[in-house]
Amino acid sequence: MKDTALRIADFKDSIFGVISRLARENNAVNLGQGFPDFDGPEWLKEVAFRKMQEGHNQYAPFQGIVGLRQEVSNYYKKFYSLNYNPESEITITVGATEAIYVVITALINPGDEVIVLEPFYDSYVASIKMAGGIPVPVTMHAPDFTIDRQELEKAITPKTKLLILNNPHNPTGKVWAKEELLDVASIAQKHDLYLMSDEVYEFLLFDGAKHIPTATLDGMLERTITVSSAGKTFGLTGWKIGWICANEKVTRACRLVHQYVTFAVSTPMQEAVAEGLTKLSDYLPGFVSLYKGKRDLFYTEMKNLGFEFAIPKGTYFMMVPISKKTDLKDVDYAMKLIQERKVATVPPSAFYLKSTEGEKYLRFCFAKKDETLRAAAKNLQGL
Ligand SMILES: Cc1ncc(COP(=O)(O)O)c(C=O)c1O
């Protein structure tokens with residue numbers, strides 16, 4: 001039989017799938033993959049059920065149902081004073097993952113270079129490669145995961161077309177400060193780059209941290225493509241409802257791709273998320289305090305186990321330094337913890353192309369029941 005496509009020749013099984021399989025095989029407490037081990041809000045599940053009963057079950061319009069595009073537009077206006085026209089600037093996708101694929105496919109020609117800030121969410125690089133583009137890594141240096149402006153400038157060539165930024169940031173839990181964002185934004189402007197801003201953790205913020213959408217920065221609205229989704233915000237990652245907010249030209253290009261990738265997105269789930277977004281202001285305080293409780297609990301447990309690191313201000317991840325505990329690299333230490341301690345984590349070197357800084361960390365996801373977090377800490381006792 002002939003070979004499969006060259007464009008995927010160097011793809012491997014995603015680290016999340018590998019870790020989840022090993023966690024199952026070893027009967028380990030799974031703090032690896034980034035999703036809650038508890039259900040999302042009952043009221044929103046009831047809305048979805050009602051929407052199905054009301055007959056919202058056939059194909060949706062390919063760009064997304066009007067009601068959801070309108071509610072996405074409303075929340076950007078209400079929370080960030082951003083004006084996106086639901087008719088021409090918002091597209092609904094199958095989660096942020098499809099949004100990322102669509103944006104990259106819509107913008108990138110073979111040979112175009114894309115700056116990815118590492119550690120990165122792994123689908124960026126895969127999508128860039130599928131488009132024939134070239135991922136160019138720039139490292140966010142530990143321990144604060146900051147960018148060196150000169151390094152970033154040096155990575156840009158006449159072929160650079162897009163820069164991808166994730167804020168709040170997976171896997172580090174970093175919430176970007178305004179000055180840092182302005183630095184990156186000024187470089188995007190200077191070199192006339194598009195900037196894709198992945199903001200799926202936009203509402204998962206602690207200790208007064210503030211989310212600054214890249215599109216709100218001076219002069220950035222036109223060149224920023226914002227990607228987000230309902231999965232993390234409503235704790236229903238399996239619903240896979242996401243969106244792209246971009247100028248008319250880019251939106252049109254994204255829709256041309258999206259119509260041939262998935263065409264339409266689940267109708268009743270779009271209906272439910274549209275209703276869910278109308279209740280964001282009432283819902284968010286409880287949501288944030290639930291996750292803050294989990295962050296505080298697990299941080300305290302990790303401190304008691306002798307791990308030292310700054311408490312994350314956003315997302316539901318902790319990037320935990322391991323060098324005081326072991327000489328092993330992250331992948332080997334993660335394997336050891338799964339097999340010997342029955343705790344699954346993600347080795348972050350999978351999120352780097354260039355730097356080896358990730359080898360000195362493990363990523364823990366604390367979006368888990370308190371009992372799961374305590375069970376993990378108990379298994380790690382005496383490390
Ligand atoms: C940074 C980042 N972007 C995108 C996604 C994918 O989001 P979705 O589940 O909406 O496809 C994730 C999921 O873990 C993520 O962490």
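The following conversation looks at one helix and the ligand site of a predicted model.

Student: Which residues of helix α12 are buried?
Tutor: Helix α12 spans residues 370-380, and its buried residues are Thr-372, Leu-373, Ala-376, Ala-377 and Leu-380.

Student: Why do they line one face of the helix?
Tutor: Viewed down the axis of α12, the buried residues fall within an arc of 135°, so they line one face. In general, an α-helix has 3.6 residues a turn, so residues three or four places apart point the same way.

Student: And what is on the face turned away from the buried side?
Tutor: That face of α12 carries the exposed residues Glu-371 and Lys-378.

Student: What do the buried residues pack against?
Tutor: The buried residues of α12 pack against two helices, α10 (280-304) and α11 (330-341). They also pack against the strands β1 (29-30), β10 (343-344) and β11 (361-365).

Student: What about Gly-382, which follows α12?
Tutor: Gly-382 has a positive phi, near 80°.

Student: Changing topic: which residues come nearest to the ligand?
Tutor: There are 13 residues around the ligand, and of these Thr-97, Asp-198, Tyr-201, Lys-232 and Lys-240 come nearest.

Student: Which atom of the ligand does Asp-198 approach?
Tutor: A polar side-chain atom of Asp-198 lies 2.6 Å from a nitrogen atom of the ligand.

Student: And where do the side chains of Tyr-201 and Asn-170 come in?
Tutor: An N or O atom in the Tyr-201 side chain is 2.7 Å from an oxygen atom of the ligand. For the side chain of Asn-170, the distance from such an atom to a ligand oxygen atom is 2.8 Å.

Student: How much of the ligand does the protein cover?
Tutor: On its own the ligand has 390 Å² of accessible area, and the protein covers 93% of that.

Note on methods: Residues numbered from 1 in each chain as written. Predicted model: local features only at pLDDT ≥ 70, side-chain atom pairs only at ≥ 80, totals over all residues. Heavy atoms only, no water. Buried < 20%, exposed > 50% of the residue type's maximum accessible area, 1.4 Å probe, protein only. Helix = DSSP H or I, 4+ residues; strand = E, 2+ residues; numbered from the N terminus. Arc of directions from axis to C-beta. Contact = heavy atoms within 4.5 Å. Near = heavy atom within 4 Å. Polar contact = N/O pair within 3.5 Å; in protein donor to acceptor, adjacent residues only side chain to side chain. Areas by Shrake-Rupley, 256 points an atom, 1.4 Å probe, with all protein chains shown as cover.
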